[in-house]
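Subject: Structure handover

Hello,

Here is the structure for you to look over. My notes on what turned up follow below it.

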Amino acid sequence: MVHIVSERVIPIMIQPLGNLPVPAPLPGQTWQPGQALSDQRKRPLRDLRISVTDRCNFRCSYCMPKEIFNNDYVYLPHSALLSFEEITRTAQSFIELGVEKIRLTGGEPLLRKNLEILIEQLAALKTLDGNALDITLTTNGSLLARKAQTLKDAGLKRVTVSLDGLDDAVFKSMNDVDFPVSDVLEGIEAAKAAGLGPIKVNMVVKRGANEQEILPMARYFKGKGIALRFIEYMDVGATNGWRMNEVMPSSEILKLLLTEMSLAPLEPSQTGETAERWGYVNEHGKHEASLGEIGFISSVTKAFCSDCNRARLTTEGQLYLCLFATQGYDLKPLVRSTQDPQALTQAIAAIWSQRNDNYSELRVSEPMSGNNSTLSDSKRRVEMSYIGG
Ligand code: SAM
Ligand code: SF4
Ligand code: SF4
């Protein structure tokens, strides 16, 4: 069953629910330049994730299952995408409101043509303190070997590479396009050689699919100066057929790692960090930086909403306040209108100051037991490939 929406056809299951109206500032709360901004839960705005494409060359079953994202699936037309100039202008507004870190994502961000031009434009922006922006990118690594040096030269600081196993058969079954592990490892090496570090590697653990890769991955990345992060399989979107019994809790992963490795908890490196950090320790029980660290992103079993400072901008210019939101705010008309340059900043300030999202906390208190494909309209969430990770 499909719905026809202007230039595109989207299976009804994954059609976003439409946009929310941009709110007016609360009485007496118009944002003034230089004023600290926080949401209803006193969380500042620090981290902006920008999706630069809704396309991907992988079909990870937990993100873009082949049955939905097949030849009939119609992606956003080029005219709907924000241009690099529009993205940069929007980023500037977010920076005025406190953003210090920008993560480019997708879909697969390296599929966006001339991405290095956008990176150059973003790298020219300065934070409110006059410092360089922390610009990073999450990629499946497939095009990284080819592009790492160009990205670095353009001003990219770091990369996070997704890799769900070291065994080719397992990895190919996860990416579902027969992509080999060796090419991703080559990409990681190229990123390291180009100085795009510290590099992080993300591994989504899906029970029954790749848990046998946990120990080999940890052994491989230990001591390589690369932080491996285990991500709990999340109930994002409505197409991946998520089931609670396919989630391997971080506590179980840690228990498995401790059967052969010595690890100790580390302090968060910054507020709002998504991963809980653990460091490899030496025979005296002390963390040794040269052995490296691992991380756990436990958004299913351990909520970290209380200091979530992340905003998400979709490829077509919608602002989402939570990974699990059902609707976003369409900023595109404001981005495309140049009459009042402050209007965009004021709109984002009004949206952020009224933000109250805490989906993971609610889920931990009321765990979902079913399958997210059966979500009702009122609960239908945006897809990860649309909003970016
Ligand atoms: N294509 C790029 C990549 O895979 O790195 C960037 C976009 S991807 C949506 C961003 C991150 O989200 C990846 O690390 C991916 O593994 C993760 N991800 C996607 N679907 C997920 C899910 N259902 N649960 C947990 N993580 C997921
Ligand atoms: Fe593509 Fe990344 Fe989603 Fe995998 S997780 S399908 S690589 S966007
Ligand atoms: Fe942030 Fe939403 Fe995730 Fe909570 S569930 S940490 S509010 S993105």
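Start at the weak spots. Residues 373-378 stay under 50 in pLDDT. The model gives that stretch 5 contacts beyond four places in sequence. Residues 1-13 also stay under 50. They have 20 contacts beyond four places in sequence. Where pLDDT is low, the predicted coordinates should not be read in detail. Please keep in mind that this whole model is predicted. Across the protein chain, pLDDT averages 90. At least 70 is reached by 92% of the residues.

Next, the ligand surroundings.

Ligand 2 has a shell that includes the cysteines Cys56, Cys60 and Cys63. Phe58, Arg59 and Met64 also belong to it. So do Gly106, Gly107 and Glu108. Asn140, Ser162 and Ser385 complete the list. By class, that shell holds 5 nonpolar, 5 polar and 2 charged residues.

Ligand 3 also has cysteines around it: Cys305, Cys308 and Cys322. The run Asp357, Asn358, Tyr359 and Ser360 is there too. The other residues around ligand 3 are Ser299, Phe304, Arg310, Leu323 and Phe324. The class split here is 7 nonpolar, 3 polar and 2 charged.

Now the helix packing. Two packed helices are described by the angle between their axes and the distance between the axes.

Helix H3 takes part in two of the pairs below, with H5 and with H2.

- H3 with H5. H3 covers residues 144-154, and H5 covers residues 181-194. Their axes come within 8 Å and cross at roughly 20°. The two helices are therefore roughly parallel, since the angle is under 35 degrees. H3 passes H5 in a right-handed crossing. On the H3 side, the contact uses Leu144, Ala145, Ala148, Gln149 and Lys152. On the H5 side, it uses Asp183, Glu186, Gly187, Ala190, Ala191 and Ala194. That contact counts 6 nonpolar, 2 polar and 3 charged residues.

- H2 with H3. H2 spans residues 115-123. It packs on H3 at about 25°, with the axes 8 Å apart. That makes H2 roughly parallel to H3. The crossing is right-handed. H2 brings Glu116, Ile119, Glu120 and Ala123. H3 brings Thr150, Leu151 and Ala154. The contact of H2 with H3 has 4 nonpolar, 1 polar and 2 charged residues.

- H1 with H9. H1 runs over residues 84-96, and H9 over residues 341-353. The axes lie 9 Å apart, at an angle of about 55°. H1 and H9 are therefore oblique to each other. Their crossing is right-handed. Thr90, Ser93, Phe94 and Glu96 of H1 meet Leu344, Thr345 and Ile348 of H9. Here the classes are 3 nonpolar, 3 polar and 1 charged.

Last, the backbone. Two places deserve a look.

Which residues does the cis peptide bond join? Gly197 and Pro198, with omega about 0°. Pro198 sits in the loop between H5 and strand S8, which covers 199-205.

The other place is Asp176. Its phi is positive, about 60°, although Asp176 is not a glycine. This residue lies in the loop between H4 (168-175) and H5.

Over to you.

Methods
Residues numbered from 1 in each chain as written. Chains lettered and ligands numbered in written order. Predicted model: local features only at pLDDT ≥ 70, side-chain atom pairs only at ≥ 80, totals over all residues. Axes fitted to C-alpha atoms, helices over the stretch in contact; angles between N-to-C directions. Helix = DSSP H or I, 4+ residues; strand = E, 2+ residues; numbered from the N terminus. Parallel < 35°, antiparallel > 145°, perpendicular 65-115°, else oblique. Left-handed = near helix turned anticlockwise from the far one by under 90°. Contact = placed C-beta atoms within 7 Å. Nonpolar A, V, L, I, M, F, W, Y, C, P; charged D, E, K, R; others polar. pLDDT = per-residue confidence, 0-100. Near = placed C-beta within 6 Å.
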